[in-house]
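Here is a walk through one protein model, from the overall fold down to a few side chains. Have the structure open while you read.

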Amino acid sequence: MIETVQAARAHPANGRIYLDKQSPAPYQALVKAADAVRATAAEAGLDRILVELVNLRVSQLNGCASCLDVHTRAALRAGETTRRLGVLAAWRDTELFTARERASLALAEAATHPADALAQERAYAQAREVLDDDEISAVLWTAITINAFNRVSILSKHPVRPTPAR
């Protein structure tokens, strides 16, 4: 019976392993890296909403349901509006985002699709107009880190569970 319980923890119903549970040391190192990136973003003057917009946009591009759930709730707690969250996937087609946010979103997309050199050049040019070097670095590190978490969650197939009824 104990072996069956342990097997269920290691192999959820979907047959995947939860990488964060199976190999906790690398996952904890990733969490520490994310903490350092969060501190870097704060030191660079990036507000929590902008950081969460980057996390959400990257997670949208990667199709990471678990990270979308986590960072949508974080964005709302930080004061983001449901209207802007609802149109984030089409941010280029709205006037709801500031120049700093637009530059950051473009950089985040370029970091998520690094093989698109032209998009990278355009994103950097846009960023140079409104962000300083510390801000650019913080946005890119945020995108790099959420990309890594997206991979962990997608490959582990972390579930998004319903919120318990109140």
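Accessible area here is what the Shrake-Rupley method gives with a 1.4 Å probe. On that basis, this protein exposes about 9800 Å², and carbon and sulfur atoms supply 57% of that area. Bear in mind that the model is predicted.

**The overall picture**

How many helices and strands does the protein have? There are nine helices and zero strands, so going by the cut-off of at least four residues for a helix, the order from the N terminus is simply α-α-α-α-α-α-α-α-α. Along the principal axes, the C-alpha atoms fill a box of roughly 60 × 35 × 30 Å. The protein has 166 residues, and 38% of them count as buried. Among contacts with a separation of 6 or more, 68% are between residues 24 or more positions apart.

**Helix α7 and its neighbours**

A good place to zoom in is helix α7, which covers residues 99-112. Its 14 residues reach 20 Å from the first C-alpha to the last, close to the 20 Å expected at 1.5 Å a residue. This helix is mostly covered, with ten of its 14 residues buried. Including Glu101, Ser104 and Thr112, the buried set also takes in Ala103, Leu105, Ala106, Leu107, Ala108, Glu109 and Ala110. What do these buried residues pack against? Their partners are α4 (48-62), α6 (82-87), α8 (117-130) and α9.

**Salt bridges**

The count of salt bridges comes to ten. Three of them are worth a look, and the table gives the N to O distance for each.

| Pair | Closest N to O distance |
|---|---|
| Asp35 and Arg38 | 2.6 Å |
| Arg48 and Glu52 | 2.4 Å |
| Glu109 and Arg57 | 2.7 Å |

Start with Asp35 and Arg38, whose side chains meet in a salt bridge. They are separated by about one helical turn, because they sit three residues apart in helix α3 (residues 24-43). Asp35 counts as partly exposed because its relative accessibility is 40%. Arg38 is partly exposed too, with a relative accessible area of 38%.

Arg48 and Glu52 make up another salt bridge. Both lie in helix α4, four residues apart, which is about one turn of the helix. How buried or exposed is each of the two? Arg48 is partly exposed, at a relative accessible area of 35%, whereas Glu52 is buried, at 1%.

Then there is the salt bridge that Glu109 forms with Arg57. Glu109 lies in helix α7 and Arg57 in helix α4, so the pair ties together parts that are 52 residues apart in sequence. Both Glu109 and Arg57 are buried. Salt bridges that share partners also bring in Arg92, joining Arg57, Arg92 and Glu109 into one network.

**Two threonines**

Thr72 lies in helix α5 (residues 65-78). It is partly exposed, because its relative accessible area is 28%. Which residues does Thr72 touch, leaving aside those up to four places away in sequence? The answer is Leu56 and Leu85. Within its own stretch of chain, the side chain of Thr72 reaches the backbone oxygen of Leu68 at 2.7 Å. Glu52, the buried partner of Arg48, is 20 residues from Thr72 in sequence, and the two are 7.7 Å apart in space, C-alpha to C-alpha.

Thr145 lies in helix α9. Is this threonine buried or exposed? Thr145 is buried, because its relative accessible area is 10% and the cut-off for buried is under 20%. Not counting residues up to four places away in sequence, Thr145 touches Ala34 and Val37.

**A nonpolar patch**

Helix α9 (residues 133-156) also holds Ile154. On the surface, Ile154 forms a nonpolar patch with Leu19 and Leu155. Together these three residues have about 230 Å² of accessible area. Ile154 itself counts as partly exposed, because its relative accessibility is 33%.

Notes. Residues numbered from 1 in each chain as written. Predicted model: local features only at pLDDT ≥ 70, side-chain atom pairs only at ≥ 80, totals over all residues. Heavy atoms only, no water. Patch = residues over 30% accessible without salt bridge, like charges linked within 9 Å, V, L, I, M, F, W, Y side chains within 5 Å. Salt bridge = Lys/Arg side-chain N within 4 Å of Asp/Glu carboxyl O. Helix = DSSP H or I, 4+ residues; strand = E, 2+ residues; numbered from the N terminus. Buried < 20%, exposed > 50% of the residue type's maximum accessible area, 1.4 Å probe, protein only. Expected span 1.5 Å × (residues − 1). Contact = heavy atoms within 4.5 Å. Polar contact = N/O pair within 3.5 Å; in protein donor to acceptor, adjacent residues only side chain to side chain.
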